[in-house]
Amino acid sequence: MKKIFGAKKSKDPPPTIQDATNQINKRGESVDEKIKKLDEELARYKEQIRKARPGPSQEAIKARAIRLLKHKRMYEEQRNMLYNQTYNLDQVGFAADGLKDAQQTMGAMKAANKELKGMMKTVKIEDIDNMQDEMTDLMDVSNEIQESLGRSYNIPDDVDEEDLMGELDALEADMEFESAAVPSYLQPDEESDLNLPAAPTYPAAVPVSRHQEDELGLPPVPRASLRS
């Protein structure tokens, strides 16, 4: 059957925006090459016109140059048309990319919304408020326990601070009275420890030399003792 009627041909997929853009860019590059060659020929004709003498030969060269200029204008118009087509394709591509990004964003937001709804079902604001109240009560109880453990057993709680200052002043007055009752010579002096006289000083003993000894090896008797 396929040999008689022929097999159904599969259709080629339509070209994408990128494919169309690449094709137009190739055509634009080809047109640019042609314009470049025409510019080179026009430069050569311009040099020939400058060197040629006025007359039929110069007019013939000018006619060729004018024909090349017409071709160049035609190619430039084609190039501008291709540039416009490329610009339009770029605009369409930007719009398509923007729609794709919007679709992805919408899909992500829908998934996040669904997840948040599932999480909100498990979390209740009443439970959070109750937990906060319980934490506040526990902190109050903890502070009371710390204050109770840090309380001193010797100092009562109802002691007035003014009474304590009065007792401190009275204690300082008693200390001043006791220091005044002690005699001055028994009180310690801040400048010196004891006011005692200086110790007497004696001249150093003069050693006896060998030639002052007598025949027995004894020191000589002072003259004052001999007179006495």
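**Helices, contacts and surface patches of the predicted model**

In the predicted model, T21 makes contacts with T86, L89 and D90 when residues up to four places away in sequence are set aside. T21 is part of helix α2, which covers residues 17-51. Its relative accessible area is 8%, and T21 is therefore classed as buried, the cut-off being under 20%.

A second buried position is found in helix α3, where K72 is located. This helix spans residues 56-122. With a relative accessible area of 19%, K72 falls under the 20% limit and so counts as buried. With residues up to four places away in sequence again left out, the contacts of K72 are I35, L38, D39 and L42.

Across the protein chain, the secondary structure consists of six helices and zero strands. The order of elements from the N terminus is accordingly written α-α-α-α-α-α. The chain has 228 residues, of which 8% are classed as buried. Among contacts with a separation of 6 or more, 67% join residues that lie 24 or more positions apart. The exposed area of the protein chain is about 21,600 Å², and 56% of this area is supplied by carbon and sulfur atoms.

Two surface patches were identified, one charged and one nonpolar. The patch of negative charge is formed by E126, D127, D129, D133, E134, D137, D140, E144 and E147. One of these residues, E134, lies in helix α4, which comprises residues 125-149. E134 has a relative accessibility of 52% and is classed as exposed because this value is over 50%.

The nonpolar patch has an area of about 560 Å² on the surface. Its members are V123, I125, I128, M131, M135 and L138. V123 is placed in the loop between α3 and α4. The relative accessibility of V123 is 43%, a value between the limits for buried and exposed, so this residue counts as partly exposed.

Taken by residue, the assignments are as follows. T21 in α2 is buried, as is K72 in α3. V123, in the loop that follows α3, is partly exposed, whereas E134 in α4 is exposed.

Key:
Residues numbered from 1 in each chain as written. Predicted model: local features only at pLDDT ≥ 70, side-chain atom pairs only at ≥ 80, totals over all residues. Heavy atoms only, no water. Patch = residues over 30% accessible without salt bridge, like charges linked within 9 Å, V, L, I, M, F, W, Y side chains within 5 Å. Areas by Shrake-Rupley, 256 points an atom, 1.4 Å probe, with all protein chains shown as cover. Salt bridge = Lys/Arg side-chain N within 4 Å of Asp/Glu carboxyl O. Lys, Arg positive; Asp, Glu negative; His and termini not counted. Charge placed at Lys NZ, Arg CZ, Asp CG, Glu CD. Helix = DSSP H or I, 4+ residues; strand = E, 2+ residues; numbered from the N terminus. Buried < 20%, exposed > 50% of the residue type's maximum accessible area, 1.4 Å probe, protein only. Contact = heavy atoms within 4.5 Å.
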